[in-house]
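Work through the two exercises below with the sequence and the model at hand. Each task is followed by a stepwise solution.

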Amino acid sequence: MQTNDSNAAPGADGKIYDVVIVGAGVSGGIIAMELAQQAQRNLQVLILEAGPPIPASRENYLDRYYNAYYKMPESPYPPNPAGSDPGDENVGRATTYDVVFNVTNPDKSYLVQDLSNGQTPFCSTYERVGGGTLWHWLGTSLRLLPGDFELRSKFGHGRDWPISYTVMPPLYARAESEIGVAANVADQTYMAGLYEPKDYEYPMPGVVQSYLDKTLKSTLDNVTLYGQPMDVTPTPAARNTIPYEDRRVCAGNSSCIPICPIQAKYDATVTINKALDTGNVTILYQSVASQVKVDPVSGEVSGIEYLTWKDPHGGATGKGTAVGKFYVLAAHAIETPRLLLLSATAELPNGVANSSDQVGRNLMDHPLYLSWALMPSDKPIYPLRGPISTSGIETLRDTMFRKEWAAFRIEIGNEAWNFPITDPYQTTQDYIDGTNVSQLNPNGLKLHGKALIAQLNGLLIREFRMANLVEQEADPESRVSLSPTHKDRLGLPRPQINYRLSEYTRQGFKKAREVNSAIYKAVGATEYTKTDPTKPTYFEVDGEGFNYYGAGHIMGTTIMGSSKHDSVVDPTSRTWDHDNLYIVGSGTFPATGTGNPTLTIAALAFGTADTLWKRLSD
Amino acid sequence: MDETQSKATFVALSQALTGIPGSLLAPSLDPTKILDTVYNAFVTNADPCAAQLILESFQALKSKGLSDDEIATAIIADPATGPLAASITKLWLLGNWYPPSGSATPTVVSSNAYIEGWVWKIMQAHPMGYSMLEYGYWAEPPPPLSAILPPSGETVPQSSRS
């Protein structure tokens with residue numbers, strides 16, 4: 001149905017949609033599905049997606065992963081991160097390959113990282129393909145905790161959310177149903193008051209804990225640190241433990257990141273396909289939003305211009321304008337502010353939705369402290385079997401110590417030392433070449449035959465790692481802006497990054513190391529965590545050196561607040577400046593909290609869909 | 001050496017280097033054609049003279065009646081064959097071709113080579129992204145290594161023991 005009760009001229013396809021969404025990921029997918037399923041209204045939704053379509057089968061992506069020498073989160077997805085020239089890509093994106101190899105070279109790194117004046121690199125990445133970044137997520141689906149919403153008022157750091165946890169349980173329940181979260185409420189005892197109603201049940205039973213989890217748990221049950229028990233808690237995960245919505249049960253492929261071979265892990269293509277099944281949703285792929293147009297009289301958004309492409313390196317082949325009554329930007333926390341800044345005009349010289357000057361600012365992550373250790377020889381734990389992580393330690397997420405140091409959760413990894421040193425590859429090479437990059441071959445042994453097999457077996461079955469997701473405060477100087485010097489193949493300025501860790505977060509790292517080392521000691525493991533002072537991620541706190549990694553949790557940049565003077569969107573995710581423009585995704589988070597962001601992203605998207613439905617019904 | 005001889009010698013050499021019986025490296029029932037995959041990667045990537053040299057060295061040492069262990073020790077110690085021997089061992093274990101010179105970026109030979117890499121079996125796991133097991137298997141230890149790789153002297157994997 002073509003709607004025509006708007007003053008706007010129709011778009012390139014002659015239509016005026018009810019809602020135009022930028023980005024075919026989890027947020028955009030949920031909003032499209034929720035609106036398009038309101039059958040009585042026959043609402044029409046258009047999604048502009050910069051990247052290629054959702055493939056009919058995941059086999060090609062899986063094959064790209066098998067054949068990638070650098071097995072990184074982005075390896076399965078186009079463009080190939082290894083050796084990509086970001087100036088020659090229509091649709092580039094941040095990659096781990098860039099973080100490892102190109103971070104100091106803006107000619108090779110998609111993100112132009114300003115490392116002057118003690119700034120350090122932003123290390124988290126995303127995808128620009130149909131289905132978005134959830135292709136490569138781990139699946140962790142923790143709820144945020146009440147204190148996560150009150151970082152300023154309760155602990156004196158960063159910003160508060162303008163909403164409290166009390167509004168979240170019904171939204172979380174809808175998100176948990178849509179993405180299919182497996183967990184047992186009885187296991188999530190680290191915080192009272194998370195579930196409403198109290199007899200709430202997750203849609204699937206919790207994921208079975210790994211042999212590693214059980215081994216650690218048996219020792220740590222009696223260990224207390226900072227007044228908190230070191231409970232090894234099963235992690236709620238969007239991972240099927242029973243058949244769910246025609247998707248298979250997890251077979252423990254140990255490749256959740258970067259791709260589940262059997263879609264037992266939820267990804268946004270599930271929701272997008274449901275949206276498409278309504279017949280009321282159109283997706284334009286390979287259509288890169290390049291300008292949000294604002295009517296200078298009404299102040300409302302009047303259309304979104306986009307560039308189309310065919311050859312990934314060939315530049316634009318056409319352009320159009322998408323027109324709707326409402327607009328939703330759902331392009332994640334680097335591309336969304338980039339688009340708003342790209343949309344600057346004579347009337348809006350700072351860009352769209354930016355009267356507060358906060359667009360692009362407050363860029364945050366959960367800077368990740370990585371540590372690794374070897375269990376004793378009589379206590380192998382058999383890694384790389386099962387989901388990459390099945391448990392964590394959650395008890396230090398919301399204590400009063402948050403006044404002094406940034407809180408964190410601990411993710412326990414069932415993946416040997418794959419994250420820290422790419423094992424089993426590194427240790428294997430060490431024992432064939434007589435090298436010691438892994439630190440596991442201190443005598444430089446060069447083995448062959450059965451001695452090689454016995455040595456590798458004896459070491460690899462004992463490797464595990466823990467990762468602490470440390471919270472970060474909103475800092476206006478950590479930001480995304482437009483590079484004045486570097487563009488993509490479409491001629492659009494690439495994102496420039498300024499980023500730094502606050503003293504609060506650095507103190508959190510210090511505690512993370514102290515806690516992890518105490519845990520390793522308690523379980524009898526030998527720690528091999530290594531710090532490399534030559535890496536751009538090196539920093540010191542109180543004379544102690546650390547490296548940090550990206551958690552993949554890009555947050556801030558279009559933050560939610562209670563005042564139009566210091567935030568970009570209001571508590572409903574509507575931009576303060578433009579009545580018909582909404583922004584969804586973790587870009588709206590004013591504080592990172594201590595849980596992985598996707599579940600909260602999905603929950604807030606349901607809330608925004610409700611708001612849009614109400615306004616469209618008026 | 002014709003191709004059949006060359007392939008057979010390659011398997012015997014690989015057994016000496018990896019400690020994995022040739023009957024497991026190149027099983028008579030070979031549905032994934034892993035021997036072709038690995039052998040072709042060796043022939044395609046190794047310098048032809050170096051490839052010929054390492055196979056001939058193996059045959060010469062074998063004809064002297066040396067054991068697998070003695071042969072592997074000699075080949076690895078010889079600067080003319082050692083680097084290529086290391087590449088062959090890594091190829092079987094990891095499915096990647098690491099150029100003996102170490103100067104170029106290694107490459108994954110193929111999906112098949114990756115999935116059939118022996119390191120996954122050696123660590124009693126499975127390739128990342130390729131599990132043939134069922135939900136929840138990760139809660140318990142795997143079968144012992146001897147169920148996959150027979151201890152010294154045996155050629156047939158023994159049944160699992162717990």
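The exercises treat a helix contact and a strand with its partners.

The model is predicted, with local features needing pLDDT of at least 70, side-chain atom pairs counting only at pLDDT 80 or more, and totals for chains, interfaces and linings using all residues. Residues are numbered from 1 along each chain as its sequence is written, chains are lettered from A and ligands numbered from 1 in written order, and side-chain values use heavy atoms, without hydrogens and water.

**Exercise 1.** Describe how helix α1 (residues 3-18) of chain B packs on helix α3 (residues 34-45) of chain B.

Step 1. The angle between α1(B) and α3(B) is about 100°, and their axes are 11 Å apart. α1(B) is therefore roughly perpendicular to α3(B) (65 to 115 degrees).

Step 2. On the α1(B) side, the contact (heavy atoms within 4.5 Å) includes Phe10(B) and Val11(B). Among the α3(B) residues that they and their neighbours in the contact meet are Leu35(B), Tyr39(B) and Phe42(B).

Step 3. By class, the residues of this contact are six nonpolar, one polar and three charged.

**Exercise 2.** Place strand β17 (residues 493-498) of chain A: is it mostly covered or exposed, and which strands pair with it?

Step 1. Six of the six residues of β17(A) are buried (under 20% relative accessible area, 1.4 Å probe, protein chains only).

Step 2. Pairing requires at least two DSSP bridges between strands. Strand β3 (residues 112-113) of chain A runs parallel to β17(A) over two bridges, and Gln113(A) has Ile497(A) as its bridge partner.

Step 3. Strand β16 (residues 479-487) of chain A pairs antiparallel with β17(A) over five bridges; Ser481(A) stands opposite Gln496(A).

Step 4. β16(A) and β17(A) form a hairpin with five residues between them, and Gly491(A) in the turn has a positive phi of about 85°.

Methods: Axes are lines fitted to C-alpha atoms, for helices over the stretch in contact, and angles run from 0 to 180 degrees between N-to-C directions. Helices (H or I, at least four residues) and strands (E, at least two) are DSSP runs, numbered from the N terminus. Angles under 35 degrees count as roughly parallel, over 145 as roughly antiparallel, 65 to 115 as roughly perpendicular and the rest as oblique. Ala, Val, Leu, Ile, Met, Phe, Trp, Tyr, Cys and Pro count as nonpolar, Asp, Glu, Lys and Arg as charged, and the others, Gly among them, as polar. Buried means under 20% relative accessible area, exposed over 50%, partly exposed in between (1.4 Å probe, protein chains only).
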